[in-house]
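Trainee: Could we take a close look at one part of this model together? I would love to follow how its strands are paired, and then see how that part sits beside the rest.

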Amino acid sequence: MDKDQNVLEMREVSIIYRVGNRIGKAVDRVSFEIKKGEVLGLAGESGCGKSTLAWSILRLLPGNARIVSGDMILEGKNLLKLSERALNDEVRGNKITMIIQNTKDSLNPVFTVGTQMFDLLRFHEQEKQSLIASFNFFRRAKRNKERRFRCIKMLEEMEIAAADKRFSEYAFQFSGGMRQRVIMAMNFMANPAVLIADEPTTGLDVSVEAYVLELFKSKIRKYETAVIYITHNLRILSEIADKVAIMYAGTIVEQAPVEELFDNPLHPYTKALIKCLPESGVLGEKLQEIPGQVPSIFERTENCKFQPRCPYSTEICTQAPPRTGKVSSSHFVLCHNFLTVQ
Amino acid sequence: MRNVAQQGHKEFQKDMNGEFNEYLQAFRKSTKLFIGTILVVTLFIVVICAPVMAPHDPYKMDVKNRLSNISRTHLLGTDHLGRDTLSQIIYGSRTSIFIGVIGTSLAFIIALSLGTLAGYARGIIENLILLYFDAVRSFPAIILILVVISAIGSSVTNIIIVFGFIYSSLLGRTIRAITISVCKEPFIEAAITLGSKKRTILFRHLFPNVIGPSLIVTGMYVPIMIMSEAGLSFLGLGVPPPTPSWGTSIRYGFENIMRAPWLILPPSIALALTMLGFNLFAEGLRDVLNPEKRGELIIS
């Protein structure tokens, strides 16, 4: 495939939740695209719809949620037009894999780590074969041996020491960081086109986190996987992402290449978020915070949702919905006053 | 490479030994588990070696020596038909354990399949299964057992089937609750994102994780069933008469309490010791299997 072609394209995706008789918009006309080997960072406070968006790509939203409009195009195919069955067979775990939140607990405690990796390969390489061929035990044993070897190789690639011994151990015998690396190994073994990582490094101490991130980055480069990296930690994104989209109350308020976003943030919310980073504070002073909180999904208006918390808001903010402003070919802002706010 | 692997294996064995020693120490220190184990093991030895241990044929009547006192030939006396009480109790243990173990297994199989299905499927299937569970649970167990047994007739097989079905609806609800909590575990979510089929999730991920905790709960039903069987036999609706059973023996003792007051004691003591054994065994195991309690036990 051409390197510049988009692997995944989201166009104006909206998702609603229905709670009782009330309907709330959790994701509002979100668009972005990812190229091969590119890392898109999705950042924002809790309750901004990041995880909802991630689960919607695999169409695994809870029963009271609906994708009401938009297109999700994966390698030229519209995911929303696929049947549930086709989606399960072709997309989940094949074209798109996901590292879920609480990564550390996503290994089954009653099977060895090796068994689970092995199962993944078997599931992946399922081929239709004749009944006679399926009784060819010699061939099967050979293939299983080869799969086992590949699992161990992958564990070694994720820098797990004594991988062949670790292969037959259980998840609880692994440390948190190691479990996360095993999950990453499994995800890369599936060789997906898009990898969704929903806060994969939560619950790790800083040094281990940096180490896991570095490893993750090198593997993304090696396998040229497109990654959607969801986090509320901007510091991580500055290290790993190529492109960052800042989400607020269901909309992407600013989208830009990572250096540009940190050097020249234009949306007031982005500015506020960057100011909140401990690194940008002054020693001895209180850390910055953004006053107020994200509006609940039932209280959202068509107008700028950040307006009540925005220090730069003007009259027009409460009167008309903001339009996407294009700063450069890759930098978009959703704000009325981004030119005057400096 | 091989050397490293061997070394790893040795270390692993050492670790295993260490863990085993820890269990052994805790086992020695836990009085509950010690007594419980002795009682349960003795019971099973009696069950297995009944023909060797029993001094007389439990079915052989000797009307001339009916209700005889404790003597050298009849260590615990004889009942109103002149049958040896000790032999009756020894053979009665077989009936009790058979009904307790097989009945619990049947209940476990039914409860596991229905409970896991209810916990995983949710919706209408869950409601139907729960309706069945609740319908059975809404009667006091002993009344329902009495009604069904008097309708279909009493035999060991019938008792096992009735116990299995009735107690499975108590057990099934617990297993459903365990299933629901396992369903919320991240590794199930992870399996869903990987595109696992429902069948795979149910059989490969749910079952093995539900069976462990369920077995512990199920273990408690063995003494309950033994007790129920004794109660049923005492009321005369349990195992049909020639088959020895503790409940029946207690009944004989109760009927002849004026003429031979010692007759009621041996089967009652056997029943009480069995209950005590199973309960102490379960409690002791719980202590020893819990890492925190185990530490306490070893230090004390």
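Mentor: Gladly! Let us begin with the term we need: two strands count as paired if DSSP finds at least two bridges between them. Please keep in mind that this is a predicted model.

With that cut-off in hand, look at S4 and S5 of chain A. Strand S5 covers residues 77-78 of chain A, and its antiparallel pairing with S4(A) rests on two bridges. Because at least two bridges are what a pair requires, S4(A) and S5(A) qualify with their two. You can locate both of these contacts residue by residue: Ile73(A) has Asn78(A) as its bridge partner in S5(A), while Leu74(A) is partnered by Lys77(A). The two strands form a hairpin with two residues between them, and there Glu75(A) adopts a positive phi near 50°.

Now turn to another partner of S4(A). Strand S4, residues 65-74 of chain A, is joined by eight bridges to strand S1, residues 6-19 of chain A, and the two run antiparallel. A handy place to find this pairing on screen is Tyr17(A), which faces Ala65(A) of S4(A).

Put these pairs together and you have an open sheet of four strands in chain A, ordered S2-S1-S4-S5 and paired antiparallel. At its edges are S2 (22-35) and S5 of chain A, each of which pairs on one side only. Helix H1, residues 50-57 of chain A, packs on this sheet and touches S1, S2 and S4 of chain A. The direction of H1(A) makes about 70° with that of S2(A).

For context, chain A also has an open sheet of eight strands, in the order S6-S7-S8-S3-S9-S10-S12-S11, and here the pairing is mixed. Its edge strands are S6 and S11 (324-328) of chain A; each has a single partner strand, so one side of each is left without a neighbour in the sheet. From one strand to the next, the twist averages 20°. Within this sheet, S3 (residues 39-43) and S9 (residues 243-248) of chain A run parallel and are joined by four bridges. Gly41(A) stands opposite Val244(A) of S9(A).

Finally, look across to the neighbouring chain: 19 residues of chain A are in contact with 15 residues of chain B. On the chain A side, strand S6 (96-99) and helix H6 (163-166) each contribute at least two residues. That side of chain A is made up of eight nonpolar, seven polar and four charged residues.

Conventions
Residues are numbered from 1 along each chain as its sequence is written. Chains are lettered from A and ligands numbered from 1 in the order in which they are written. This is a predicted model: local features need pLDDT of at least 70, side-chain atom pairs count only at pLDDT 80 or more; totals for chains, interfaces and linings use all residues. Two residues are in contact if their C-beta atoms, placed from the backbone, lie within 7 Å. Ala, Val, Leu, Ile, Met, Phe, Trp, Tyr, Cys and Pro count as nonpolar, Asp, Glu, Lys and Arg as charged, and the others, Gly among them, as polar. Axes are lines fitted to C-alpha atoms, for helices over the stretch in contact, and angles run from 0 to 180 degrees between N-to-C directions.
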